[in-house]
Amino acid sequence: MLIRVLGCSGAIAAGCRTTAFLLGDDVLVDAGTGVGDLTLQELARIDHILISHSHLDHVLAIGLLADSVIRPRETAGRPPVQVHALAPTLGALRTHIFNGVIWPDFTRLPNAEHPVLRLVPIEIGQRLLLGGTTIEVLSARHTVPACGFAAEGRDGWWVYTGDTGPNPALWKRLQDMKVAHLVIETAFSDVERPLAQISRHLCPSTLGHELAQLAGTLNGGADVHITHIKPGETEAVMAEIGRLGSTHRIHTLQAGQVMRLG
Ligand SMILES: [Zn+2]
Ligand SMILES: [Zn+2]
C-alpha cells in the first residue's frame, strides 16, 4: 500500500499544508489543508475519512471535500463518505462546523436519506477494516479528546500518533506491534517547551523521552518521520532532534512524499 503525505505542517504558509495522509486511494487520515491538492477525481474516490481530533488544522477540509464530491458521488451512485472519529470529536463537528452557520449540514445533504457524509463513532483500541486495510485506533493525549491510527501492512504497521503530548500508553501498545513507519509529531522547538506542555504537543526533548520507550520495539527496522513542525521551525527542530543522539532512523516528513507499506 502507498501512503501519500498530502500535508504535514503544524500551520500554513506557501508550500506548507496541514495534516492529511491518503492511504491507498480511498482512505483519508485527517483532513487538513493538504487535501486541497487532490484532483476532483481523487477526492471523489475517498470513501473513508479518519479524524484524529477536532482541531481546525485536522478537520477543515471535511466540509470542503463534501461540497466538492457531492455531485460526482451522487452521479456515480457512491455511498456516503464515512467520517470515523471519537464520539466527542463527531459532536464537535456537528456543533461547531456542520451547524448551518459555519457550513451546511452535509450529513443531511443533498437529502437526509442519501447524504454525502455519514459520521461513524470509533473508540480507542477498536480495529476497523477500511478499503481492505486493517486500521487500529490508538490513544493520544492532547487538549481535546484525540487518537492516533495504525494501518497494517504485510511487513509491519504504519503508525501515526496524531497530535499528542507524552503518552506512555502508546508505547505500551506498540510493544506488541511490528512498527515499520512511525509518524510522530514534534510541534515546537525546545525554546517553546512550556508552550508545548500547555498545548500538549511534543518538542525535541520530550520526543527523545518518548522514543527511548520505543527502543525495544523497532529492532532497528522502523523509520521515524517527524510531522507537525511549525513553518520556519524545521531546521531548528531537526537540529535539536539530531542532538538527541537517538539510535532510530529519523527523517523530516515532507508533503508530496510517498511511503510504501509492504
Ligand atoms: Zn491539535
Ligand atoms: Zn494539529
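**Exercise 1.** Which residue in strand 13 does Asp 223 stand opposite?

*Solution.* The model is predicted. Begin with the pairing of the strands: four bridges join strand 12 to strand 13 (residues 249-252), and the two run parallel. Within this pair, Asp 223 stands opposite Arg 249.

**Exercise 2.** Find the strand on the other side of the pairing: how many bridges join strand 11 to strand 12?

*Solution.* Strand 11 covers residues 179-185, and five bridges join it to strand 12 in a parallel arrangement. One bridge can be named: His 181 has Asp 223 in strand 12 as its partner.

**Exercise 3.** Decide for each face of strand 12 whether it is covered or not.

*Solution.* First, recall that side chains in a regular strand alternate between the two faces of the sheet. Next, sort the residues: Asp 223, His 225 and Thr 227 lie on one side, Val 224 and Ile 226 on the other. Then apply the cut-off, by which buried means under 20% relative accessible area. The residues on both sides are all buried, so that both faces are covered. The count for strand 12 (residues 223-227) agrees: five of its five residues are buried.

**Exercise 4.** Why can the protein be called as compact as a globular protein of its length?

*Solution.* Start with the elements: the protein has eight helices and 14 strands. Its radius of gyration is 18 Å, close to the 18 Å that the globule rule gives for 262 residues, so the protein is as compact as a globular protein of that length. For the whole protein, 51% of the 262 residues count as buried. The C-alpha trace spans about 55 × 35 × 30 Å along the principal axes.

Technical notes:
Residues numbered from 1 in each chain as written. Chains lettered and ligands numbered in written order. Predicted model: local features only at pLDDT ≥ 70, side-chain atom pairs only at ≥ 80, totals over all residues. Heavy atoms only, no water. Rg over C-alpha atoms; globule rule 2.2 N^0.38 Å. Buried < 20%, exposed > 50% of the residue type's maximum accessible area, 1.4 Å probe, protein only. Pairing = 2+ DSSP bridges.
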